Amino acid sequence: MIEAGGGSIINISSAGGLRCVLRASAYCSSKAGLIVLTRHVQVYYGRQGIRSNVVGPGSVRTEMSDINMDRIAEARNLDRERAYRLSVPDQPLGRPAMPIEIAPLCACLASDESSFMTGAVLTIDGGSTMLDAGMTAMIR
């Protein structure tokens, strides 16, 4: 990238890199570490034309997520769709994303349309990181 005069690095982290998730401390720590690593890349290589940004998706429907939802569904005697709905109870959009909803953001970051964007953490999570889960639980 340096020899080519620059480029764009897009790291896929997670909304879990911005908050704590019960029983997922290693996962959240690794995603937070990726955010900081991305910013360090920018600090060290920005003047050489290299941009680096982070995309932080929330819940996304993937084959891996389907397997996890099937486990939850079986344990709770539900179907997969109901398990997915239960996994995002307080998310404003009320559903997980589809991968095709994440891809355009990545394409934009790879393009010249984002030529002045670097070191950013862009959440694409249906609004889930903006909620205070504790307060939401208290007013139910």
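Helix 2 and helix 3 approach each other with their axes within 8 Å, crossing at roughly 100°. That angle makes helix 2 roughly perpendicular to helix 3. This is a predicted model, so please read everything below as a description of that prediction. The protein holds five helices and three strands, and the tour below goes from the helix 2 and helix 3 pair to the overall layout, then to helix 1, helix 4 and two loop residues.

**Where helix 2 meets helix 3**

- Helix 2 covers residues 63-76 and helix 3 covers residues 80-87.
- From helix 2, the residues in the contact are S65, D66, M69, D70, I72, A73 and R76, and they meet R80, A83, Y84, L86 and S87 of helix 3.
- By type, the residues of this contact divide into six nonpolar, two polar and four charged.
- R80 belongs to helix 3 and, leaving out residues up to four places away in sequence, touches R61, D66, M69, D70 and A73.
- Is R80 buried, partly exposed or exposed? R80 is partly exposed, because its relative accessible area is 31%, and the buried class ends at 20% while the exposed class begins over 50%.
- I72 sits in helix 2 and also counts as partly exposed, with 32% relative accessibility.

**Overall layout**

- Read along the sequence, the elements follow the pattern β-α-β-α-α-α-β-α.
- The C-alpha trace spans about 55 × 30 × 25 Å along its principal axes.
- Of the 140 residues in the protein, 31% are buried.
- Among contacts with a separation of 6 or more, 65% are between residues 24 or more positions apart.
- Two C-alpha distances help with orientation: I72 and A15, 57 residues apart along the chain, are separated by 21 Å, while R80 and L109, 29 residues apart along the chain, are separated by 33 Å.

**Helix 1 and its buried face**

- Helix 1 has 21 residues and reaches 30 Å from its first C-alpha to its last, close to the 30 Å expected at 1.5 Å a residue.
- Which residues of helix 1 are buried? They are C28, K31, I35, T38 and Q42.
- Seen down the helix axis, these buried residues fall within an arc of 80°, so they line one face of helix 1.
- The spacing fits a general rule: an α-helix has 3.6 residues a turn, so residues three or four places apart point the same way.
- The buried residues of helix 1 pack against strand 1 (7-12), strand 2 (50-57) and strand 3 (121-124).
- On the other side of helix 1, S25, A26, V43 and Y44 are exposed.
- Q42 lies in helix 1, which runs over residues 25-45, and Q42 is buried because its relative accessible area is 16%, under the 20% cut-off.
- Beyond its neighbours within four places in sequence, Q42 is in contact with I50, R51, S52, T118 and G119.

**Helix 4 and its buried face**

- Helix 4 takes in residues 99-110, which is 12 residues, and reaches 17 Å from its first C-alpha to its last, close to the 16 Å expected at 1.5 Å a residue.
- I102, C106 and L109 are the buried residues of helix 4.
- Viewed down the axis of helix 4, its buried residues fall within an arc of 55°, so they line one face of the helix.
- What covers the buried residues of helix 4 includes strand 1, strand 2 and strand 3.
- I100 and P104, on the other side of helix 4, are exposed.

**Two loop residues with positive phi**

- As background, most residues other than glycine have a negative phi.
- R23 has a positive phi of about 60° although it is not a glycine.
- Where is R23 found? R23 is in the loop between strand 1 and helix 1.
- R23 is exposed, because its relative accessible area is 82%, over the 50% cut-off.
- N77 likewise is not a glycine, and has a positive phi of about 60°.
- N77 is found in the loop between helix 2 and helix 3, and with a relative accessible area of 72%, N77 is exposed.

Notes
Residues are numbered from 1 along each chain as its sequence is written. This is a predicted model: local features need pLDDT of at least 70, side-chain atom pairs count only at pLDDT 80 or more; totals for chains, interfaces and linings use all residues. Side-chain values use heavy atoms; hydrogens and water are left out. Helices (H or I, at least four residues) and strands (E, at least two) are DSSP runs, numbered from the N terminus. Buried means under 20% relative accessible area, exposed over 50%, partly exposed in between (1.4 Å probe, protein chains only). Contact means heavy atoms within 4.5 Å. The expected span of a helix is 1.5 Å times one less than its number of residues. The arc is that of the directions from the helix axis to the C-beta atoms. Axes are lines fitted to C-alpha atoms, for helices over the stretch in contact, and angles run from 0 to 180 degrees between N-to-C directions. Angles under 35 degrees count as roughly parallel, over 145 as roughly antiparallel, 65 to 115 as roughly perpendicular and the rest as oblique. Ala, Val, Leu, Ile, Met, Phe, Trp, Tyr, Cys and Pro count as nonpolar, Asp, Glu, Lys and Arg as charged, and the others, Gly among them, as polar.
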